Amino acid sequence: MKRLVSAETSDAGLVVSVHWEDGFAARFHAIWLRDNALDPETRSASNAQRLITLHDIPVNTSLAAASVAGDMLKVEFAPEAKTVEFPSTWLRSNAYDVNAGRARGWMTSRIETWKNGFEVKTITGNHRNVLENTVALRDWLAGVRCYGFAKLTGGPVASGALLDVAGLFGYVRETNYGKWFEVRTEVNPANLAYTGLGLQAHTDNPYRDPVPTLQILYCLENSAAGGDSQVVDGFAAASRLRAEDPHGFELLTRYCARFEYRGAGDVHLVSRKPMIELSPDGELTAIRFNNRSTAAITDVPFDDMSSYYAAYRRLAEIIDDPAMAVSFKLEPGECFIVDNTRVLHGRTGYADSGGSRWLQGCYADKDGLLSTLSVLEEAAMVNVA
Ligand code: FE2
């Protein structure tokens, strides 16, 4: 653990500069520190929720004093005459004096992009292991967070078993397709319509707002030759587009596409979202790519439409590039999960030699997965301590 060495205020007490023994330094504003005070009058000791509003903090808040006391930064806020301590590790992990100059399309350090050659077995869990062993579950979920997909082997060959996979970390997102949906293909050599058809890698349901953030695809039958599952890291594809054509990347982030699904009966889903989504400070947060569900795009100015379509085409070429795809065959009882805001999934074509392929799919959400992962990681840290 890095130790604090000094702290000094400036700007008439509106700012404190904090220094660590390894040379790291960060500035903090008095108002920010006061709002984030960790004392039990400001934050609930039981659930860490904030107990005050900004109106409870004087508008002229400043730091009357700041010093290092052991492993703590000790500050006194004026005019409240309130003394609060901040642990060194908390300050270090919440330092914001480090974020200037991020490039548009930046990603958090918890994400690693990948392309063809990535070893699926490194993120493959065993169904029984993750069910019975929290360390195995934690590692498997951490793989989803880092790589945006993971595989699970050795599960039961039973209709509905995919719901138990979602139950490992959260809840199924039920949609108009039900709790789950069937992906069933009979490969019939007598009917060419069912032979050789691949499916371009895509994200699911871009016409929903919010989009389902996780998808599980669970195999119950796969006797057809071919029909391998394919995944493409959409963040790697977007980053490649940015490197090749920064202006094209910018167009796909700046303008909304439109997505639409008109199902039988009473279903009509529409959304207006960019194909490459960035947060306001430029973090790459989501990819939406689905040729079947893309509606007429009407939010791109006339003068930019040609360039927009060139960028859209280039993104599609990158996604279709075999150098980007990872393929694997799912056996009955195996499944994979994708972060549907990042990783595209598809299917290679079938040989026309007959057979069948039966998958079941369901949606779930990433916040539940990350919550379960966070709890497991915190428990592991407590055990280590
Ligand atoms: Fe799909």
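Where is the place of Asp11? Asp11 sits in the loop between β1 (4-10) and β2 (15-20). The model is predicted, and this report covers its backbone exceptions, its iron site and the packing around one helix.

**Backbone exceptions**

Most residues other than glycine have a negative phi, and most peptide bonds are trans. Asp11 is not a glycine, yet its phi is positive, at about 50°. Because its relative accessibility is 54%, above the 50% cut-off, Asp11 counts as exposed. Asn205 also has a positive phi, near 55°, and is a residue other than glycine. Asn205 belongs to the loop between β11 and β12. With a relative accessibility of 4%, under the 20% cut-off, Asn205 counts as buried.

Two peptide bonds are cis. One joins Ala78 and Pro79, with omega about 5°. Pro79 is found in the loop between β5 (72-78) and β6 (82-87). The other runs from Asp209 to Pro210, with omega near 5°. Pro210 lies in the loop between β11 and β12 (214-222), and Asn205 is in the loop between β11 and β12 as well.

**Iron site**

Which residues coordinate the iron ion? The ligands are His202 through NE2, Asp204 through OD and His345 through NE2, at 2.1 to 2.2 Å. Along the chain these donors follow the spacing H-x1-D-x140-H. His202 lies in strand β11 (residues 199-202) and His345 in strand β20 (residues 343-347), so the two histidines tie together parts that are 143 residues apart in sequence. His202 is buried, with a relative accessible area of 4%. His345 is buried too, at a relative accessible area of 5%.

**Packing around helix α6**

Helix α6 (residues 234-244) packs against helix α8 (residues 302-320), and its axis also crosses that of helix α7 (residues 246-254). The two pairs are set out below.

| Helix pair | Crossing angle | Axis distance | Residues of the contact by class |
|---|---|---|---|
| α6 and α8 | about 130° | 9 Å | seven nonpolar, no polar, three charged |
| α6 and α7 | roughly 130° | within 5 Å | six nonpolar, one polar, two charged |

How is α6 placed relative to α8? An angle of about 130° between the axes makes α6 oblique to α8, because it falls in neither the perpendicular range of 65 to 115 degrees nor the antiparallel range over 145. The crossing of α6 and α8 is right-handed. From α6, the contact is made by Ala237, Ala238, Arg240, Leu241 and Glu244. From α8, the contributing residues are Ala311, Arg314, Leu315, Ile318 and Ile319. The three charged residues of this contact are Arg240 and Glu244 of α6 and Arg314 of α8.

With their axes crossing at roughly 130°, α6 and α7 are likewise oblique to each other. On the α6 side of this contact are Ala238, Leu241, Arg242, Ala243 and Glu244. They meet Pro246, Gly248, Phe249 and Leu252 in α7. The one polar residue of the contact is Gly248, because glycine is counted as polar in this scheme.

Ala238, Leu241 and Glu244 of α6 take part in the contact with α8, and these residues also meet α7.

Technical notes
Residues are numbered from 1 along each chain as its sequence is written. This is a predicted model: local features need pLDDT of at least 70, side-chain atom pairs count only at pLDDT 80 or more; totals for chains, interfaces and linings use all residues. Side-chain values use heavy atoms; hydrogens and water are left out. Donors are N, O and S atoms within 2.8 Å of the metal (3.2 Å for Na, K and Ca); water is not among the atoms, so sites may look incomplete. Helices (H or I, at least four residues) and strands (E, at least two) are DSSP runs, numbered from the N terminus. Buried means under 20% relative accessible area, exposed over 50%, partly exposed in between (1.4 Å probe, protein chains only). Axes are lines fitted to C-alpha atoms, for helices over the stretch in contact, and angles run from 0 to 180 degrees between N-to-C directions. Angles under 35 degrees count as roughly parallel, over 145 as roughly antiparallel, 65 to 115 as roughly perpendicular and the rest as oblique. A crossing is left-handed if the near helix is turned anticlockwise from the far one by less than a right angle, and right-handed if clockwise. Contact means heavy atoms within 4.5 Å.
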